[in-house]
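Please look through the sequence and the structure below before reading on. The paragraphs that follow take up a pair of helices, then some aromatic rings, and then a single residue.

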Amino acid sequence: MKRSLLFTAACAAIIGALWVILVIIFTDTVVRRALAISAAVAFIVQVAAFLVVREFARRKNVMAGWGIGIALRFGALVIFAVVAVPRLGLPLATSLLGLATFLFVSTLIEPLFLKT
């Protein structure tokens with residue numbers, strides 16, 4: 001439980017810091033809105049994927065957990081592109097690149113929190 005909370009805090013910090021950097025770079029309000037929504041979606045997906053991977057790690061099957069976690073992230077990216085982006089009227093490229101970037105960067109810290 002402690003590692004899950006630490007991962008959640010670290011994930012929020014990394015996604016938040018990256019979002020701030022991107023908001024400083026891009027001044028358009030539509031792009032900023034797309035990045036904010038992408039960051040929120042990435043945070044939720046990352047925490048859910050980590051919990052799945054953590055459960056599989058407890059069962060000594062980390063690779064299966066990572067496979068499911070990657071499938072979950074990819075599925076979220078596809079659903080976000082097909083459903084959320086058009087309905088919210090967000091720019092497609094910004095939304096998807098933002099989501100993919102947030103997911104990728106926060107996935108890099110995942111192994112640090114998987115020690116059982």
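In this predicted model, helix α3 passes helix α4 in a right-handed crossing. Two packed helices are described by the angle between their axes and the distance between the axes. Here the axes of α3, which spans residues 62–88, and α4, which spans residues 92–107, come within 11 Å and cross at roughly 160°. That angle makes α3 roughly antiparallel to α4, because angles over 145 degrees count as roughly antiparallel.

The residues that bring these helices together can be listed from each side: R73, A76, L77, F80, A81 and V85 in α3 meet L92, S95, L96, L99, A100, L103 and T107 in α4. By kind, the residues of this contact of α3 with α4 divide into 10 nonpolar, two polar and one charged.

We turn next to the aromatic rings. How many aromatic pairs does a search of the whole structure find? The search finds two. A pair of aromatic rings is described by the distance of the centres and the angle of the planes. For F7 and F50, the ring centres are 4.1 Å apart and the planes lie at 15°, so this pair is stacked. The pair links distant parts of the chain, since F7 belongs to helix α1 (residues 2–25) and F50 to helix α2 (residues 29–58), with their positions 43 residues apart in sequence. F7 is buried, having a relative accessible area of 0%, and F50 also counts as buried, at 1% relative accessibility.

F7 and F113 form an aromatic pair too, and this one is edge-to-face, with 5.7 Å from centre to centre and 75° between the planes. Again the pair links distant parts of the chain, for F7 is in helix α1 while F113 is in the segment after α4, 106 residues apart. At 14% relative accessibility F113 counts as buried, because the cut-off for that word is under 20% relative accessible area. Taken together, F7, F50 and F113 form one aromatic cluster.

Lastly, consider A39, whose place is in helix α2. Is A39 buried or exposed? With a relative accessible area of 10%, A39 is buried. If its neighbours within four places in sequence are left aside, A39 is in contact with I15, W19 and F102. A further distance helps to place A39: from C-alpha to C-alpha, A39 and A12 are 9.2 Å apart in space, although 27 residues apart in sequence.

How values were computed. Residues numbered from 1 in each chain as written. Predicted model: local features only at pLDDT ≥ 70, side-chain atom pairs only at ≥ 80, totals over all residues. Heavy atoms only, no water. Axes fitted to C-alpha atoms, helices over the stretch in contact; angles between N-to-C directions. Helix = DSSP H or I, 4+ residues; strand = E, 2+ residues; numbered from the N terminus. Parallel < 35°, antiparallel > 145°, perpendicular 65-115°, else oblique. Left-handed = near helix turned anticlockwise from the far one by under 90°. Contact = heavy atoms within 4.5 Å. Nonpolar A, V, L, I, M, F, W, Y, C, P; charged D, E, K, R; others polar. Phe/Tyr/Trp six-rings, centres within 6.5 Å; stacked < 30°, edge-to-face > 60°. Buried < 20%, exposed > 50% of the residue type's maximum accessible area, 1.4 Å probe, protein only.
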